[in-house]
Amino acid sequence: MKNLSILLCFTCLIFFVAPVQAQDNTKNSSIGIQFNPYLDSYYFDGISKKYIFAFRYSFNIKDHISFGPEVSGYFRHHDNINFSDFHLGGFMRYTLLPTSRIRPFLEFSPYYSIFHYEKTTSERFEHDMTYFSGYLSPGISLYTKNRKFSLDLMYKFMITDRPDIIFNKPVFSYRLNFNF
């Protein structure tokens, strides 16, 4: 619990300091939000649903390069078992064709993770674990005509030092961004 408190304080600090830093810079910024179900066989069979969330702040340092902090993770409930994974980290993106409305990119995101597993039956069992992880992702950003909104479509390749990770498969993902 102490690690979670430190992590939350650090997250708040990053999200309040990053916009102040960006205001000094005349480059573009964006806020990205994601909340969607993880579409796997468990979801389609009705066994359980895994919900993914992400929130990020991004600012450009050059036409092709952007970076910023990101908070993400997932939670899943299956019968009497709850899983959750909370990620705190950052990302760096290299964008091709930075003035186009369709922009291919390559993104790298390292993060620190807190995993929680809880089984509630006649005997309660809990397990917590922390580890370093991340992803490498090629993708494209689709921009509206006025460039205020964009949609990131990407294919994530997970990178982790966690030996027992269950969901260590490449996955298609998307994110909605507000650009300012």
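In this predicted model, strand β7 is the main contributor to a nonpolar surface patch, supplying 3 residues, the most of any element. The patch covers about 740 Å² and is built from Leu106, Phe108, Leu136, Tyr155, Phe157, Ile159, Phe172 and Tyr174. Besides β7, the elements that give two or more residues to the patch are β5 and β8, the latter spanning residues 171-179. A good residue to look for here is Phe172, which sits in strand β8. Is Phe172 buried or exposed? Its relative accessibility is 52%, and because the cut-off for an exposed residue is over 50%, Phe172 counts as exposed.

With the patch in view, the overall layout of the chain can be described. The secondary structure amounts to 2 helices and 8 strands. Read from the N terminus, the order of these elements is α-β-α-β-β-β-β-β-β-β. The chain has 180 residues, and 40% of them count as buried. About 10800 Å² of the chain is exposed, with carbon and sulfur atoms supplying 65% of that area. Contacts across the sequence are also informative: when residues at least 6 apart in sequence are considered, 55% of their contacts join residues at least 24 apart.

How confident is the predictor in this picture? The average pLDDT of the chain is 82, and 81% of the residues score at least 70. One stretch to read with this in mind is residues 13-27, where the pLDDT is below 50. Beyond near neighbours in sequence, this stretch has 18 contacts in the model.

Two residues within strands give a look at the buried part of the chain. Glu70 belongs to strand β3, which covers residues 65-78. What is the relative accessibility of Glu70? The value is 3%, so Glu70 counts as buried. The side chain of Glu70 is joined to that of Ser109 by a polar contact of 3.5 Å. The second residue, Ser58, is located in strand β2, made up of residues 49-60. Ser58 has a relative accessible area of 7% and is therefore buried. Which residues does Ser58 touch, leaving aside those up to four places away in sequence? They are Asn28, Ser29, Ser30, Ser66, Phe67 and Phe91.

The loops offer a final point of interest, this time in the backbone. Most residues other than glycine have a negative phi. Against this background, two residues are worth finding in the structure. Leu97 is not a glycine, yet its phi is positive, at about 55 degrees. Where does Leu97 lie? It is in the loop between β4 (81-95) and β5 (102-120). With a relative accessibility of 52%, Leu97 counts as exposed, because the limit for that class is over 50%.

Arg147 is another residue other than glycine with a positive phi, here near 65 degrees. Arg147 is placed in the loop between β6 (124-143) and β7 (149-160). How does Arg147 stand in terms of exposure? Its relative accessible area is 31%, so Arg147 is partly exposed. The loop that holds Arg147 leads back to β7, the strand with which this description began and which gives 3 residues to the nonpolar patch.

Note on methods: Residues are numbered from 1 along each chain as its sequence is written. This is a predicted model: local features need pLDDT of at least 70, side-chain atom pairs count only at pLDDT 80 or more; totals for chains, interfaces and linings use all residues. Side-chain values use heavy atoms; hydrogens and water are left out. Helices (H or I, at least four residues) and strands (E, at least two) are DSSP runs, numbered from the N terminus. Buried means under 20% relative accessible area, exposed over 50%, partly exposed in between (1.4 Å probe, protein chains only). Contact means heavy atoms within 4.5 Å. Accessible areas come from the Shrake-Rupley method with a 1.4 Å probe; for residues, only the protein chains shown count as cover. pLDDT is the predictor's confidence in each residue, from 0 to 100. A polar contact is a pair of N or O atoms within 3.5 Å; within protein, one must be able to donate a hydrogen and the other to accept it, and residues adjacent in sequence count only if both atoms are side-chain atoms. Patches are made of residues with over 30% relative accessible area and no salt bridge: like charges are joined within 9 Å, nonpolar side chains (Val, Leu, Ile, Met, Phe, Trp, Tyr) within 5 Å. A salt bridge is a side-chain nitrogen of Lys or Arg within 4 Å of a carboxyl oxygen of Asp or Glu.
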